[in-house]
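Reader: I am in my first year, and I would like to look closely at a single part of a protein before I try to picture the whole. Could you guide me slowly and explain the terms as they come up?

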Amino acid sequence: MRKVAVVGAGVIGKHHGKVISQLADRIELVAVVDVIPEKAAELAAKHGGRAFQELGQAIDTEDIDVVVVCTPTGKHGELAIEALEAGKHVIVEKPAEVTVARTDEIIAAQQKAGKLVTVISQHRFDPSTEQVLGAIARGELGRITSGIASIDWWRGQSYYDSGDWRGTWALDGGGALMNQGVHTVDLLVAALGNPVEVFAYTGTLAHQRIEVEDVAAAVVRFESGALGMLHATTAAYPGLSARLQVHGDRGSAVIDNDQLVFFQVTAEGENPQERLMGTNTAREVPTAGSDPGMLSDAHRSQYENFLAALDGTEELRVDLVTNRRSIGVITGVYESARTGKPVALDGGRQ
């Protein structure tokens, strides 16, 4: 039985508490840490464990195997490193940190400690994502030529006013792209490969009293030559969907709000046919929308992979280097928007 501490008892910390309870046969919540004692006590009362105000207190008091970091992004690194230096494995909510350099500090601490670290990227575990990435890996879409990641959401001013850290560079690390769009950026990178250059514009057009963007648009060039487009906003009233399109010379796929809504590939042994615009039809495939049995708790699936990796029965599917690529793209967008120039990316350290 793995003993777990959750740091940060806000909205996402509560979700992790629920997932831990669902896996009660394998893990146990023994500590909840939050700077607001009442929040820690509330989560501990619901899902188990003792309440603490500091991670160090919890580590000194309880036998802990895994620390789950659910604080504002700008605090992820210091808490993850504290846990690693104490010899604990770590689960970090997305994104790992607000910059590539600070992510690298976590990577260095992990390598020194020899412990496992995963960054929550739960949409990689959605059935729709697994089907599309599997098809790409098998070559069913042919050469991948382009992709579009679009996050068309709405956040009212009250959202940003609800916490002093929201909308700040120091603790949020960015706006619509870093906070809301990071998962869809991650899926674009997973589908198209190593990103090598980005050019972007950003703006703050519909909100006040925030430092970060509420709209971003960018073009990303990948090592393979494929081109990707990014669009992220929290200024699209009343809020639409998060959408990923992947296009190849033998097929295309579209994931909308985690559902596979279009998937068509050229049959084996056939050549792609010339078609007029609007005449394509999707090959019938099961999706989360058409088959409720395929709906899954993706956070739970990522936890299960992490636990299996701890046991040595599976490879860890999402690590710090994986998340570092997405952070590199997003911070590259911000640098390009500031300078008005394309920004070279290292594509993620190997």
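Where is the place of isoleucine 106?

Author: Isoleucine 106 has its place in helix 5, a helix that covers residues 100-113 and follows the loop that comes after strand 5. Here helices (H or I, at least four residues) and strands (E, at least two) are DSSP runs, numbered from the N terminus. Before going further, please keep in mind that this is a predicted model, in which local features need pLDDT of at least 70 and side-chain atom pairs count only at pLDDT 80 or more, while totals for chains, interfaces and linings use all residues. Residues are numbered from 1 along each chain as its sequence is written, and side-chain values use heavy atoms, with hydrogens and water left out.

Isoleucine 106 is buried, and its relative accessible area is 0%; buried means under 20% relative accessible area, exposed means over 50%, and partly exposed lies in between, with a 1.4 Å probe and protein chains only. If residues up to four places away in sequence are not counted, isoleucine 106 touches Gly77, Ala80, Ile81, Leu84, Ala96, Glu97 and Leu320, where contact means heavy atoms within 4.5 Å. Glutamate 82 is 24 residues away from isoleucine 106 along the chain, and the C-alpha atoms of the two are separated by 9.7 Å.

The loop that leads into helix 5 deserves a look too, since proline 95 lies there, between strand 5 (89-92) and helix 5. The peptide bond that joins lysine 94 to proline 95 is cis, with an omega of about -25 degrees. Another cis peptide bond runs from tyrosine 237 to proline 238, with omega near 0 degrees, and proline 238 is in the loop between strand 10 (227-233) and strand 11 (242-248).

Two further loops hold residues that are worth finding. Arginine 209, in the loop between strand 8 (195-203) and strand 9 (215-222), has a positive phi of about 60 degrees although it is not a glycine, and arginine 209 is exposed, with a relative accessible area of 63%. Aspartate 258, which is found between strand 12 (251-256) and strand 13 (259-265), is not a glycine either, yet has a positive phi of about 75 degrees; with a relative accessible area of 35%, aspartate 258 is partly exposed.

You can also follow how helices meet. Two packed helices are described by the angle between their axes and the distance between the axes. For helix 9 (residues 182-192) and helix 11 (residues 320-339), the axes come within 9 Å and cross at roughly 110 degrees, which makes helix 9 roughly perpendicular to helix 11. Axes are lines fitted to C-alpha atoms, for helices over the stretch in contact, and angles run from 0 to 180 degrees between N-to-C directions; under 35 degrees counts as roughly parallel, over 145 as roughly antiparallel, 65 to 115 as roughly perpendicular and the rest as oblique. Val182, Val185, Asp186 and Val189 make this contact from helix 9, and Thr322, Arg325, Ser326, Val329 and Ile330 make it from helix 11.

Finally, stepping back, the chain has 11 helices and 14 strands, and 51% of its 350 residues count as buried. Of the contacts between residues at least 6 apart in sequence, 68% join residues at least 24 apart, and the C-alpha trace spans about 65 × 45 × 40 Å along its principal axes.
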